[in-house]
Structure formats: C-alpha cells, structure tokens
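Work through the exercises below with the sequence and the coordinates at hand. Each task is followed by a solution in steps.

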Amino acid sequence: MVSFFGANVRRPSNAYGFVALLCKSLHRAWRNRSQVQPIAAQQRASYILPCRRNDPEINKCIRNSLNFVKPYVSRGLPELKTPPLEPLRIEELAMENNAGAVRIKALFTDIVAQGAGNYTIKEVRSDLKKLRIDMSIAIPRVETRGKYEVIGNVLLLPVRSNGEFWTEFSDISAIAKIYGKAIERDGESFMGIEKINVDFTMKNARFKVKDHVNTQNVLGEAINQFLNQNANELIQEMRPAASQSIGKLFRKFLNDAFTNLPTRLWLLDD
C-alpha cells in the first residue's frame, strides 16, 4: 500500500497500472480545484447591498451600502484582496511639504492605525455614467503609532529627527472624490479607481514622539510641547501633503476591492 494524494491505495502490479492511477488521481484533483470559483462566478456575497442604476434615491442607496459593509471591511475581505481596517497596518507613508512655515520631508513606517474602520458615510453624490462618486465621511477618533524620519525646516529652524511616534486625531471630517474607470476582464465588467482626491479637517490632535537623534530629555520634552501647542497650525500646514498621501493609500485599497468585485453584483441594470 502507498499513500497518494492523502489516500491509501493498492500499489499497481505494473507500470501501466501506476500511470493509469496517476492520471485518474490528477483528474480528480483538477476537477475538485475547478469547483472553487472566483468571486466573479459566485453568488452575491452577504455583505453587498446592491443598488439599481435607475433608483431615484441612488445616492442614499450607495451611502447605506457603504455603511452596511463597515464591519466586514473592518475585519478584512480576502476575496477582494482588502486588508483589515481594524487595525490598519501601513508599511510606509511618505509626505513632502515645500510651502509655508513647515517645509519638511517625512517618512512614516510600520504604522498601526486604529479607528479608521469606525467611519460613517454621511452623504454621497454620484454620477455613475461617469463612474464618479463623492462622499463626506465622519470618523470619531483615529490613533496611530509607528516610526518616523523627518528632515527640513520648521519656522526657518533646521529639523532632523527620527524615532517613534504616537498621534491621536478626533472629530475628523473628510471629503473623498472618487474617479472611476471601466475595466473589462474575463467577460466581466469592473470599476477601477483611477484616482481619489481627499481633503479633511479635525477638531483636535495630539502628538508624542520619542526622538532617537536628540536624546536629551529636556529637548525631547520641548519637541513634544511644541508639537502639541501648535498642533492645529502644523495640521493646517501639512494638510495638502497628508491629503495626497492618504488619497494614494485608499486608492489602492478601493481599487483592489472594486477590481475584484464585478459591477453586476453591486450595481443592477434593471
């Protein structure tokens, strides 16, 4: 007896019998493999609330659908190649600001963000013929931590620092403008995400850094004090650069989701 594809079978008495058994086993394995269908061939998933193109309340429907899927995207949807939003792990996020009082290049790595999955879509405006969707988003609180490298000038003073950071942002309001494009693949239609423009405001921000360059306690405390006393001004200065970086990040997130979800499953023609 020999073990073959996890089953015990009798050893054939000749080479021909062994080849026949091999072909039969490979055919069975291939047949079982073909039964695992991609999402394009499956029925509509339970997390999808479809909308109809001719619905006069299409914007409300899209808003409700995006809010309904929140607990699912928070956990992640492997079939759509989307990672969990809670927590959201970001390998790298780069920002560069060349205007105003804060002129810096910043690189943030090993970022862990908590709270992004607790979003609420407040309003949606869409033009689905052009694959355009604008939405307003509210997030109560986002906390992040990770590593950073910063070089540049703040208020004409040279700044060079790297280390660990922690931030807390609260009462976040954002506008996301999504520009889609039609994609045809394997007989299915999808919506790709060409770009996303993001802008945001927040009521409160707190920062804490552990500087590995300027290791003196007094200087480290002075940096943290400066960041928190000037948090609103710093956010305002860095907002364009941050908006651009966040837009690129979520463009990839949404593009992965929508290019693995046939349009017919979330947008009905009849």
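Buried means under 20% relative accessible area, and exposed means over 50%, with partly exposed in between. The model is predicted.

**Exercise 1.** Determine whether Asn 255 is buried or exposed, and list its contacts beyond four places in sequence.

Solution.
- Locate the residue: Asn 255 belongs to helix 5, which spans residues 231-258.
- Apply the cut-off: the relative accessible area of Asn 255 is 15%. Because buried means under 20%, Asn 255 counts as buried.
- List the contacts: with neighbours within four places in sequence left aside, Asn 255 touches Gly 192 and Ile 193.

**Exercise 2.** In which sense do strand 4 and strand 5 pair, and over how many bridges?

Solution.
- Take the ranges: strand 4 covers residues 88-97 and strand 5 covers residues 102-114.
- Read the pairing: the two strands run antiparallel, with nine bridges.
- Check one pair: Ala 113 in strand 5 lies opposite Leu 88.
- Inspect the connection: strands 4 and 5 make a hairpin with four residues between them. In the turn, Gly 100 has a positive phi of about 80 degrees.

**Exercise 3.** Which elements have the lowest and the highest mean pLDDT, and where does the pLDDT fall below 50?

Solution.
- Start with the chain: its mean pLDDT is 84, and 81% of the residues reach 70 or more.
- Compare elements: strand 1 (residues 2-4) has the lowest mean, 35, and strand 6 (residues 120-127) the highest, 98.
- Find the first stretch: residues 1-13 have pLDDT below 50, with 20 contacts in the model beyond near neighbours in sequence.
- Find another: residues 29-38 are also below 50, with two such contacts.
- Draw the consequence: where pLDDT is low, predicted coordinates should not be read in detail.

How values were computed. Residues are numbered from 1 along each chain as its sequence is written. This is a predicted model: local features need pLDDT of at least 70, side-chain atom pairs count only at pLDDT 80 or more; totals for chains, interfaces and linings use all residues. Side-chain values use heavy atoms; hydrogens and water are left out. pLDDT is the predictor's confidence in each residue, from 0 to 100. Contact means heavy atoms within 4.5 Å. Buried means under 20% relative accessible area, exposed over 50%, partly exposed in between (1.4 Å probe, protein chains only). Two strands pair if DSSP finds at least two bridges between them.
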